[in-house]
Amino acid sequence: MTRIRIDPTPAQPASYDVIVEAGSLTRLGDIVQQTAPAHRYALITDRNVAAHWKDPALSSLAAAKLQVECFEIEPGETSKTRETWAALSDRMVMSGFGRDSAVIALGGGVIGDLAGFVAATYMRGVPVVQVPTTLLSMIDASVGGKTGVDVPAGKNLIGAFHQPSAVLADPETLVTLSDFELRGGMAEALKHGAIADAGYFDWLVDSSRALLQKETATLTDLVIGSVRIKAGYVALDPTESGPRAALNFGHTLGHAIERATAYTLHHGQAVALGMVGEATVGEIAGLTVADTSVRLSSVVGLFGLPTVLPAALPAQQIIELTRHDKKARQGAVRYALIGRIGELAPGHAGQWTWPIDDRVVMQALHSLGAPL
Ligand SMILES: NC(=O)c1ccc[n+]([C@@H]2O[C@H](COP(=O)([O-])OP(=O)(O)OC[C@H]3O[C@@H](n4cnc5c(N)ncnc54)[C@H](O)[C@@H]3O)[C@@H](O)[C@H]2O)c1
Ligand SMILES: [Zn+2]
C-alpha cells in the first residue's frame with residue numbers, strides 16, 4: 001500500500017493521505033472510520049459506477065458497522081449541476097442527515113466534484129472521503145480539494161475548496177472503465193511527466209502497452225507517480241494562485257478546443273492536442289527546446305490520443321475561446337509552458353505563466369491542422 005501525505009496548508013489545517021492500492025476498496029469501511037468518523041454516511045455515486053462497485057463498497061462499509069445511505073445519480077457531465085447538488089442536499093436533509101454526517105464520493109471526476117461540493121456546503125461543511133474510479137479522477141480531480149458544479153455560462157464556475165479527509169484510489173476499479181476514458185486519463189499523466197519529471201514521462205512511454213492493457217500493477221505505479229507530482233504542486237499552492245498554474249499546461253488551448261468542439265472530444269483528447277499545441281507555442285516563442293512538440297505528438301499518438309485537430313475547426317475560433325477561459329487575464333492570453341519534457345519553461349521568480357501573442361498561437365494551431 002502506498003500512502004501519499006498531503007501536508008497541512010492554510011486552506012487545509014489537517015493533513016490527509018491519498019491511499020493507492022489495488023484491492024483497497026475492500027478496506028473502505030476501516031479507512032472511512034479512521035479518517036472521517038461520523039454518525040451517518042451518504043455514499044454518492046452514479047449509475048455506471050454503482051453497477052460495478054457499489055456492492056463491494058457497501059459491504060466494506062457494512063463490515064465496519066457504519067450507517068450508510070446510498071444516493072445514485074445519472075452518469076455524465078450533464079449531472080454536474082446546481083440542480084443535482086440541490087436534489088442531493090435535499091434528499092440528505094429529508095433523510096435526517098445531521099452535522100455529524102460525512103460524504104463518500106464513489107466515482108469519476110463528476111461525482112468527486114459534485115459530491116465534494118455537497119459536502120462543502122451541507123450544514124456549512126461535512127467531511128468527504130474521495131474514492132475515485134476513473135484514471136482522471138485518481139490522478140487529478142480527487143486530489144487538491146477543488147469541488148463544484150457547471151452552470152449555463154461555463155464549467156466549474158460555482159464551487160468551493162473543500163479538502164477531503166482521505167482519498168482512496170483502488171486501481172482495480174479501472175478494469176471496468178472504457179478504453180476511451182482510460183486513454184483520456186493518460187493525457188493528464190503525460191502532462192505530469194511533461195511538466196515535472198522526464199524519467200516518469202519516459203517510463204510512461206516504455207509502459208504504454210501494459211498501461212493500455214490495464215495491467216493493475218503498472219496502473220498502480222502510474223497513479224502513485226502522478227499523485228506524487230500533483231500533490232507536490234497542491235502543497236506548494238493550495239488555492240491555485242501561483243505555481244499550481246503549471247498543472248494548466250495543455251489546458252489553455254485544451255479548454256478552448258473542448259469548447260470549439262462542443263465537448264465532443266474527451267477532456268484528455270483536447271488536453272493532448274493542447275499540450276502539442278502549447279509545446280509548439282513555446283518553441284516559436286523561444287521558451288521551449290526545438291522538437292519538444294514532435295516528441296509529445298508521437299507519445300500522445302502512442303496512447304491513442306489525437307495529434308491533429310478535428311476537421312474544419314478554424315484557428316480563429318479557438319483563439320477567441322482562449323480569451324473566454326476563466327484563467328485568461330486582460331491583454332495577451334497567458335500560457336503555462338514547458339522548457340523541455342520534464343521541466344517548466346525558464347521564468348523569473350514569481351512568474352508561472354507567459355503572455356503569448358495570438359499570432360504565435362495561430363501558427364501553432366496551423367501546425368495542428370487548423371485551416372486558415
Ligand atoms: N476537481 C478537480 O481538480 C478536477 C480536475 C480535473 C477534472 N475535474 C472534473 O472531472 C470531471 C471529469 O471526470 P471523469 O473524466 O472522471 O468523468 P466522469 O466522472 O463523467 O466519468 C466518466 C464515465 O466513466 C464512468 N465510470 C467512472 N468510473 C467507472 C468505472 N470504474 N467503471 C466503469 N465506468 C466508470 C462514469 O459513469 C462516466 O460515464 C469533469 O467534470 C471535470 O471538470 C475536476
Ligand atoms: Zn485536465
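A residue counts as buried when its relative accessible area is under 20%. Keep that cut-off in mind for the close-up views below, which come from a predicted model.

**Figure 1. A buried pair: Lys80 and Asp113.** By that cut-off, Lys80 and Asp113 are both buried. Their side chains meet in a salt bridge, with N and O 2.8 Å apart. Lys80 sits in the loop between β4 (68–73) and α3 (82–94), while Asp113 belongs to helix α4, so this pair ties together parts that are 33 residues apart in sequence. The two also take part in a network of salt bridges that links Glu77, Lys80, Asp113, Asp150 and Lys155.

**Figure 2. The surroundings of ligand 1.** Here you meet the 23 residues around ligand 1, of which Asp46, Glu77, Gly109, Thr134 and Thr176 come nearest. This shell divides into 7 nonpolar, 8 polar and 8 charged residues. Three helices, α2 (47–63), α4 (109–121) and α5 (135–141), each supply at least two residues of the shell.

**Figure 3. Polar atoms facing the oxygens of ligand 1.** Two residues of the salt-bridge network, Glu77 and Lys80, appear again in this view. A polar side-chain atom of Glu77 lies 2.7 Å from an oxygen atom of ligand 1, and for Lys80 a polar side-chain atom lies 2.8 Å from an oxygen atom of the ligand. Val110 takes part through its backbone, with a polar atom 3.1 Å from an oxygen atom of ligand 1. Taken alone, ligand 1 exposes 860 Å², and the protein buries 87% of that.

**Figure 4. The zinc ion (ligand 2) and its protein donors.** Which residues hold the protein donor atoms of the zinc ion? They are Glu188 (OE), His251 (NE2) and His267 (NE2), lying 2.0 to 2.1 Å from the ion. Along the sequence, the donor residues follow the spacing E-x62-H-x15-H. Glu188 in helix α6 (residues 179–196) and His251 in helix α10 (residues 251–260) are 63 residues apart, and the pair links distant parts of the chain. Both Glu188 and His251 are buried.

**Figure 5. Salt bridges with more open partners: Arg27 with Glu21, and Arg359 with Asp357.** The whole structure holds 17 salt bridges, and two of them are picked out here. Arg27 and Glu21 meet through their side chains at 2.7 Å, N to O. Arg27 is partly exposed, with a relative accessible area of 29%, and Glu21 is partly exposed at 22%. In the other pair, the closest N and O atoms of Arg359 and Asp357 are 3.0 Å apart. Arg359 counts as exposed at 65% relative accessibility, whereas Asp357 is partly exposed at 36%.

Definitions and conventions:
Residues are numbered from 1 along each chain as its sequence is written. Chains are lettered from A and ligands numbered from 1 in the order in which they are written. This is a predicted model: local features need pLDDT of at least 70, side-chain atom pairs count only at pLDDT 80 or more; totals for chains, interfaces and linings use all residues. Side-chain values use heavy atoms; hydrogens and water are left out. A residue is near a molecule or strand if one of its heavy atoms lies within 4 Å of it. A polar contact is a pair of N or O atoms within 3.5 Å; within protein, one must be able to donate a hydrogen and the other to accept it, and residues adjacent in sequence count only if both atoms are side-chain atoms. Accessible areas come from the Shrake-Rupley method with a 1.4 Å probe; for residues, only the protein chains shown count as cover. Helices (H or I, at least four residues) and strands (E, at least two) are DSSP runs, numbered from the N terminus. Ala, Val, Leu, Ile, Met, Phe, Trp, Tyr, Cys and Pro count as nonpolar, Asp, Glu, Lys and Arg as charged, and the others, Gly among them, as polar. Donors are N, O and S atoms within 2.8 Å of the metal (3.2 Å for Na, K and Ca); water is not among the atoms, so sites may look incomplete. Buried means under 20% relative accessible area, exposed over 50%, partly exposed in between (1.4 Å probe, protein chains only). A salt bridge is a side-chain nitrogen of Lys or Arg within 4 Å of a carboxyl oxygen of Asp or Glu.
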